[in-house]
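User: I am new to this structure. Please teach me how to read its features, step by step.

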Amino acid sequence: MEIIETLLNGMSIGSTYAMIALGYTMVYGIAKMLNFAHGDVIMVGGYMLFITMASALSNPIIGLIFAVVVCMILGITIEKIAYKPLRGASPLAVLITAIGVSYLLQSTAQMIFGSAPKMVILLDLGNIEFGGLKVPVYTLITLGCSVVIMLVLSLFVKYTKTGRAMIAVSEDKGAAQLMGINVNGIITITFAIGSALAAFAGFFMLLKSPSLSNTLGAMPGIKAFTAAVIGGIGSIPGAMLGGLLMGVVEAISFKIPVIAPYTDAIEFLILIVILLVRPSGILGRKRREKV
Amino acid sequence: MALLEVKDLEVYYGVINALKGVSFEVNEGEIVTLIGANGAGKTTTMQSIIGLIPARHGTVIYDGNDISKMPCHKIVNLGMSQVPEGRRVFQELTVYENLVMGAYLRKQDNEFKADIERIYERFPRLAERKNQIAGTLSGGEQQMLAMGRALMSKPKLLMLDEPSMGLSPLLVDQVFDIIKDINKDGTTILLVEQNAGKSLAISDRAYVLETGAIVLSGTGEELSQSEKVKEAYLGG
């Protein structure tokens, strides 16, 4: 029984990582850049939830919608102001800019909200018990929502015109432009989707543990990035798989007292092993070098 | 009036001056070829016209519109289409999905379906392989697919960049026959080729590009008789 509880917990942590990893991997696939400010968009989403809960509305669903909208606008704005002018610049310049944006967001949040953690109680759902299993309800909500979101996203990419354009841009930007695809528009949409997913991730994280500070997104961001690389950066199913894998490993590791303190190290160790055995990640393809 | 008019086109890659003021025109209904050696600037010219590479100076007038500063997707929307060098079909999509991508700016109506059928008629191999992943096609089939994909946007001007590159002699002949056919059906063609003999034979007019500048121009026949062209591009 305990193993099932642990696995469910792991999958819910993992689906939160997957939400974030999808943002990293889609932006990488389309814009060929690592958006290291992505984790901090989660944190901004968290503060939007905080604002809503502290207001007269005090409704978690309204808070989630508010967070999603603000994060989408934020993601698009970051891309327009910070990354778009650097299109065609060296990857290192873009990477440093992304790290700069990350610190900018963290410091701004600290200036506005202070450095003391805030408590954001979204819903107190308690546990659900059946057949000897005791599962926190937030686990099921997180898992259920994530599955739906990932399904919708997969269908969107495969069957809509915009989704196909995203595949085309990620494979060959020049050829995509020759089809009449507005690449800048596709990049904007990608940032919007990734940031919306980050807002959901923030919601799930605060559902699990209500403490909010300006570094809320930092560690999960790095772990989700690791998950994206493990799954194969640029691959949407890879990000989902990598995220789930990380979450399950984390939950199991927490349950084993001897290795529990080293959980983070174990997760990054998996990254190293995967990169040694399969440098393109589990589901990643080797990119052909074009002449 | 010319369908495409290129005036004084200058392109730089960093400090390297790749095009040094290229001027030429393509009239409606013509097949026009740019021939030139590797590195002469043929692909740069093609990509700059359609907005993939920015030009530093010069103007490009297409169908009465100044497209010099226009982004690629808007130029494509004006009825210009390009088969890029190296074909660049979408490797992970099927043959059919590639053709659909070619019609990205169009509605998927009955006319669209009829056009897909027409492409399958012109390229029977694509019909046989319509559900196959494009990355698994042979080079010749990928060239056919790239051409079919470019035609799906119903262009007035079709530009082809080295369509015969890397193909067997038999396939090369086939590709040139198809280009002639497409032109007969009313599409204006701008062709870039290293295979000067074959391309001059089907061209109304041609230009010779050398290190970023046009050095010679004339009808296809004139150029294939020219001593200079014979020596440099037709193997003496």
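**Reading a helix and its surroundings**

User: Which exposed residues sit on the face of α7(B) turned away from its buried side?

Analyst: On that face you will find B:L170 and B:K184. Exposed means over 50% relative accessible area, buried under 20%, and partly exposed in between (1.4 Å probe, protein chains only). Helices (H or I, at least four residues) and strands (E, at least two) are DSSP runs, numbered from the N terminus. This is a predicted model, where local features need pLDDT of at least 70 and side-chain atom pairs count only at pLDDT 80 or more, while totals for chains, interfaces and linings use all residues. Residues are numbered from 1 along each chain as its sequence is written, chains are lettered from A and ligands numbered from 1 in the order in which they are written, and side-chain values use heavy atoms, leaving out hydrogens and water.

User: Which residues of α7(B) are buried, and why do they line one face?

Analyst: An α-helix has 3.6 residues a turn, so residues three or four places apart point the same way. Here the buried ones are B:V172, B:V175, B:F176, B:I178, B:I179, B:I182 and B:N183. Down the helix axis they fall within an arc of 160 degrees (taken from the directions to the C-beta atoms), so they line one face of α7(B). They pack against several elements of chain B, including β3 (31–35), α4 (110–122) and β8 (188–193); contact means heavy atoms within 4.5 Å.

User: In what order do the strands of the open sheet in chain B run?

Analyst: Strands pair if DSSP finds at least two bridges between them. The six follow the order β6-β7-β8-β3-β9-β10, with mixed pairing. β6 (80–83) and β10 (213–219) of chain B are at the edges with a single partner strand each, so one side of each lacks a neighbour in the sheet. β6(B) runs parallel to β7(B), joined by four bridges, and B:V83 stands opposite B:L160.

User: What is unusual about phi in B:E162?

Analyst: Most residues other than glycine have a negative phi. B:E162 has a positive one, near 50 degrees. This residue lies in the loop between β7 and α7 of chain B and, at 5% relative accessibility, counts as buried.

User: How many residues of chain A are in contact with chain B?

Analyst: 20 residues of chain A touch 20 residues of chain B. The two chains bury about 2,000 Å², 61% of it on carbon and sulfur atoms; buried area is the accessible area (1.4 Å probe) that two parts lose on being put together, summed over both.
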